[in-house]
Amino acid sequence: MTEETPGFEEKPDVPSGATPDDAESKAAPEEGAAPAGDAHADAGLVAQLDQVRTALNERTADLQRVQAEYQNYRRRVERDRIAVKEIAIANLLTELLPVLDDIGRAREHGELVGGFKSVGESLETVAAKMGLQQFGKEGEPFDPTIHEALMHSYAPDVTETTCVAILQPGYRIGERTIRPARVAVAEPQPGAQTAKAEGAEENTEAGGDDKENGGPEEG
């Protein structure tokens, strides 16, 4: 049997010229050194983050575009709804205009009395609440955009084409005319302005002559 010599321990082989501390430092990995695989992983994460950001920006732009289109759609639907409502009201009130004309004629002739008066005034009130406005007055200048001339004459006391009689009142809803006022118009009498001007000149000259002559002598 081989006897083991006490007091001696086996040690790893150490190259000649090297100390045991060098062997231990080579055997242990260097602390704080990042493996090459970690650098590649970080680069991959950065690339993925850039892709996510790009996708987020694209989705955000798509959402903003859809939201803008929806707002435009809502405004367009609201405009169409208001336009349809105005057209429907205008059509209804246009059909009621002959009835309103009858009520006006009855009032002019003193026939709007009793229950008929109550009904007529209620109908006029409802029409006014729906936006119906009456226009057309005697003496106002003739405007072909809101007046329809049914009768024509000459008058010496007007200086421009004037509405001298309202045959049927006009009606509008807001800025929209649904029926022009039907009127009788009068124009200035041909030659009346010239005669007035000549008469004014003669009066002026006569006054000047009186001044030159010293006026009438005092008795």
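Here is a short, friendly note on the predicted model shown above, point by point.

1. **Overall layout.** A good place to begin is the order of the elements. The protein chain has four helices and six strands. Read along the sequence, they follow the pattern α-α-α-β-β-β-β-β-β-α. If you like to find your way by landmarks, helix H2 covers residues 36-108 and helix H3 covers 114-129. Among the strands, S1 spans 132-135 and S3 spans 162-168.

2. **Burial and surface.** How much of the protein chain is buried? Buried residues make up 14% of its 219 residues. The chain exposes about 17,600 Å², and carbon and sulfur atoms supply 53% of that area.

3. **Contacts along the sequence.** Take the contacts between residues at least 6 apart in sequence: 66% of them join residues at least 24 apart. Several of the pairs discussed below link separate elements, and you may enjoy tracing them in the structure.

4. **The largest pocket.** About 400 Å³ of space lies in the largest pocket. Of the 20 residues that line it, the closest to its centre are Leu 100, Gly 104, Gln 134, Pro 169 and Tyr 171. Which element gives the largest share of this lining? That is H2, with six residues. Helix H3, strand S1 and strand S3 also each supply at least two residues. By kind, the lining of the largest pocket divides into nine nonpolar, five polar and six charged residues.

5. **The second largest pocket.** This pocket has a volume of about 150 Å³. It is lined by Lys 85, Glu 86, Ile 89, Met 130, Ile 173 and Arg 176. Helix H2 again deserves a look, since the largest share of this lining, three residues, comes from H2. The lining of the second largest pocket holds three nonpolar residues, no polar ones and three charged ones.

6. **Salt bridges in general.** Side chains of opposite charge can pair when their charged atoms come close. The structure holds seven salt bridges. Three of them are described in the next points.

7. **Arg 179 with Asp 101.** In this salt bridge the closest N and O atoms are 2.7 Å apart. Arg 179 lies in strand S5 (residues 176-179) and Asp 101 in helix H2, so the pair ties together parts that are 78 residues apart in sequence. Are these two residues buried or exposed? Both Arg 179 and Asp 101 are buried.

8. **Arg 182 with Glu 148.** The side chains of Arg 182 and Glu 148 form another salt bridge, at 3.4 Å from N to O. Because Arg 182 belongs to strand S6 (residues 181-188) and Glu 148 to strand S2 (residues 147-155), the pair ties together parts that are 34 residues apart in sequence. Arg 182 counts as partly exposed, at 27% relative accessibility. Glu 148 is also partly exposed, at 31%.

9. **Glu 58 with Arg 59.** Here the side chains meet in a salt bridge at 3.6 Å, N to O. Glu 58 has 43% relative accessibility and so counts as partly exposed. Arg 59 has a relative accessible area of 52%, so it is classed as exposed.

10. **Ala 165 in strand S3.** Ala 165 lies in strand S3. With 23% relative accessibility, Ala 165 counts as partly exposed. Where is Ala 184 relative to Ala 165? The two are 19 residues apart in sequence, and their C-alpha atoms are 5.0 Å apart in space. Leaving out residues up to four places away in sequence, Ala 165 touches Glu 138, Arg 182, Val 183 and Ala 184. Arg 182 is thus a link back to point 8, where its salt bridge with Glu 148 appears.

11. **Thr 162, also in strand S3.** Strand S3 holds Thr 162 too. Its relative accessible area is 11%, under the 20% limit, so Thr 162 is buried. What does Thr 162 touch, not counting residues up to four places away in sequence? Its partners are Gly 139, Glu 140, Pro 141, Phe 142, Ala 184, Val 185 and Ala 186. Ala 184 is touched by Thr 162 and by Ala 165.

Methods: Residues numbered from 1 in each chain as written. Predicted model: local features only at pLDDT ≥ 70, side-chain atom pairs only at ≥ 80, totals over all residues. Heavy atoms only, no water. Buried < 20%, exposed > 50% of the residue type's maximum accessible area, 1.4 Å probe, protein only. Contact = heavy atoms within 4.5 Å. Areas by Shrake-Rupley, 256 points an atom, 1.4 Å probe, with all protein chains shown as cover. 1 Å grid on protein atoms, 1.4 Å probe; cavity = no way out; pocket = protein on both sides within 12 Å on 5 of 7 lines; lining within 4 Å. Points joined across faces, edges and corners; volume = space filled by probe spheres on them. Nonpolar A, V, L, I, M, F, W, Y, C, P; charged D, E, K, R; others polar. Salt bridge = Lys/Arg side-chain N within 4 Å of Asp/Glu carboxyl O.
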